[in-house]
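Here is a short tour of one protein model, written to be read alongside its sequence and coordinates. Let us begin with how far the model can be trusted, then turn to its cysteines and one serine.

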Amino acid sequence: MKGKPLLVGGHSERGVVAACSYEARKYGIHSAMPMKTALRLCPHATVVGNARGEYSKYSRWVTEIIADRAPLFEKASIDEFYLDLTGMDRYYDPWKWTIGLREEIIKATTLPISFALASNKMISKIATQEAKPNGYIQVPPGMEQEFLAPLGVNKIPGVGEQTYLAMKEMGIFTIRDLSERPAAELEGRFGKYGAELYNKSRGIHTGEVVPYHEAKSISTENTFEENKTDLDFLMAELVRMTEKVAYELRQDNKTAGCVTVKIRYGDFETTSRQTTIPYTFYDDELIGKAKELFHRLWRRGEPIRLLGVRLSELTSEAIQTNLFENTQKKASSTRPSTT
């Protein structure tokens, strides 16, 4: 399918485009667009369903390669990483080192990899977008504002459609236009965000790379007043707890790549089992895995004193991994009942 307009998503009336090839984007198609609209724009496009298990597998594969090489990195989403190479220039050329890392990932996974080497996270993110598809850019220190100047102001991360429209009404179209406006004028129009925009237009960004820790998790457990053997009760409790941690996951805008179930028996013997899963934040998927783990763990009929559920391998920007047709319904799930 290389070189062809390709759409990933659902075919139904409510189907949306979860991702699309660059060939499809030439027709004005973008992610989150209704599939019906996309097919009107490009009737000869090929539509395929999701393969989230494959996405998760490749995400872990790339993560392992980066973790083995990079001194410090942040996994910002299923397919986006920030690497902090501060101090590496004492021993290596960071530009050549990063090119080498890119080549290693491509050789191992055959994935296209774009990157940008820059002095801060914002510049590297914007420049990486400019390097796509499958390219790379270096923005030397001191050249940030010159690099940004000709770009559309909507290239700045965080500038949404409404802010972009408001800027155009002010005659601001490029980042250069934005940088030429006084900070007071921007603050008067956009409040505190105006000061942030003023700095961003000058290439100033102080966000740090947050070290990636696989151990980060969300968990809950319940010690029963009396040891329990009733399977219906235990299943109901397992579902309740999984819904609770899944809700917390969505509130943090994260997905989980691993589920663990913990059981403590009446004699205080404690056992647990975990399994990796395609990255998700959905109750039904997490509950299914939790039940599966429980049945593999539980010694039928033996009283249980404590039951616990933990979600780990957390990744930000959860919505990126969702390729289901009923995204909106699932993602907007309300807080689970505690009754």
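The term pLDDT stands for the predictor's confidence in each residue, on a scale from 0 to 100. This is a predicted model, and the protein has an average pLDDT of 88. A score of at least 70 is reached by 91% of the residues.

Confidence peaks in strand β6 (residues 115–117), with a mean of 98. At the other end, helix α13 (residues 327–331) has the lowest mean, 47. Residues 318–329 stay under 50 in pLDDT, and the model gives them 33 contacts beyond four places in sequence. Residues 331–335 are also below 50, with eight contacts beyond near neighbours in sequence. Where pLDDT is low, the predicted coordinates should not be read in detail.

What about disulfides: how many does the structure hold? There are zero. For cysteine 42, the closest cysteine sulfur belongs to cysteine 20 and lies 9.9 Å away, so the two are too far apart for a bond.

The table gathers relative accessible areas for three residues.

| Residue | Relative accessible area | Class |
|---|---|---|
| Cysteine 42 | 0% | buried |
| Cysteine 258 | 2% | buried |
| Serine 179 | 11% | buried |

Serine 179 deserves a closer look. This residue sits in helix α8 (residues 175–179). Leaving aside residues up to four places away in sequence, serine 179 is in contact with Gln145, Ser201 and Arg202. With a relative accessible area of 11%, serine 179 counts as buried because the cut-off is under 20%.

Conventions: Residues are numbered from 1 along each chain as its sequence is written. This is a predicted model: local features need pLDDT of at least 70, side-chain atom pairs count only at pLDDT 80 or more; totals for chains, interfaces and linings use all residues. Side-chain values use heavy atoms; hydrogens and water are left out. Helices (H or I, at least four residues) and strands (E, at least two) are DSSP runs, numbered from the N terminus. Contact means heavy atoms within 4.5 Å. A disulfide is a pair of cysteine sulfur atoms within 2.5 Å. Buried means under 20% relative accessible area, exposed over 50%, partly exposed in between (1.4 Å probe, protein chains only).
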